Amino acid sequence: MTSIKLGRCPDKIATMPKEPHFTPESMLSLLGIRPGALAPTALIPGPKERSQKLLASLEGAKKVFSFLDYEMHVGSHQGKKVTVGNGGRYAPDTAITTDILCAGGVESLIRLGSCGALQEGIRVGDLIIVTGAARGEGTSRYYVPENFSTVSHPDLVRALTEAAESLKLRYHLGRVYTTDALFQETGEFMDELTQQRISGIDMVTSAFLTVAQVRNKKAGALLAVSDECWNGKKGFRDPLFLQCEENMMEVGLRAIHLLDPK
């Protein structure tokens, strides 16, 4: 037990338990989710429109639960049971959905997202298979100390790499930096990240990987490059990026068949 002095009552002491007052398990109970309702493997994009495209590739997909703007479905792809849902666009909501998925029995999680490229030669339409992440967002500090090493699980890196190679797609292995402040990315800051050999920058991945690591689950991330930060090119509407989104989803679907049967 930890004792904390109340600011409004300095002469009194309140004791608070170290455990959170509300847990992912509590949320699942409130949502009426039964143990085993989620598939052990999950493909988790950020936006709902991307998860809807994934659902079109599944057989027998059924919504397991929804809360706020987030939905999780379970279906099968070529006989492999899989969970698909929109996991959040930013670090805080991603941490919530990732915690819920982990508590719900998901063992292997693959994020399908987008990022800006920081290294010359990584172009719009390329894929980045994330090996690890630098935590520039504020959410993960509630889970881990500053010296914690946020990394992708090697099984996920291997599966994503094999899947990308089988489709003969252009990809890069590398670390990404996750930020909370899109409009505070100065040129000097981006140059510093480039010098540190960071491959890309986004607003989700480090929180996603960190929560999965803390919960002892396997996690990896595959990112479609939408911008070339190293030369200022913005490509969110570039046909190469739009095609890369489609490629990314196909890689994710192939990768789940390269993981352990569990």
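Me: Before we talk pockets, which residues count as nonpolar, charged or polar?
Reply: Ala, Val, Leu, Ile, Met, Phe, Trp, Tyr, Cys and Pro count as nonpolar, Asp, Glu, Lys and Arg as charged, and the others, Gly among them, as polar. This is a predicted model, where local features need pLDDT of at least 70, side-chain atom pairs count only at pLDDT 80 or more, and totals for chains, interfaces and linings use all residues. Numbering runs from 1 along each chain as its sequence is written, and side-chain values use heavy atoms, without hydrogens and water.

Me: How is the lining of the largest pocket split by class?
Reply: It has 11 nonpolar, eight polar and nine charged residues. A pocket is an open set of points on a 1 Å grid over the protein atoms alone, where a 1.4 Å probe fits, with protein on both sides within 12 Å along at least five of seven lines. Lining residues have an atom within 4 Å of a point.

Me: What volume does the largest pocket have?
Reply: About 740 Å³, taken as the space filled by probe spheres set on the points, which are joined across faces, edges and corners. Of its 28 lining residues, Ser114, Leu182, Met203, Ser226 and Phe236 are the closest to the centre.

Me: Which strand gives the largest share of that lining?
Reply: Strand 7, with five residues. Strands are DSSP runs of E, at least two residues; helices are H or I, at least four; both are numbered from the N terminus.

Me: Now the second largest pocket. Which residues are closest to its centre?
Reply: Phe22, Pro24, Asp99, Tyr143 and Arg215, of 13 lining residues. The volume is about 400 Å³.

Me: Which helix supplies the largest share there?
Reply: Helix 3, with four residues.
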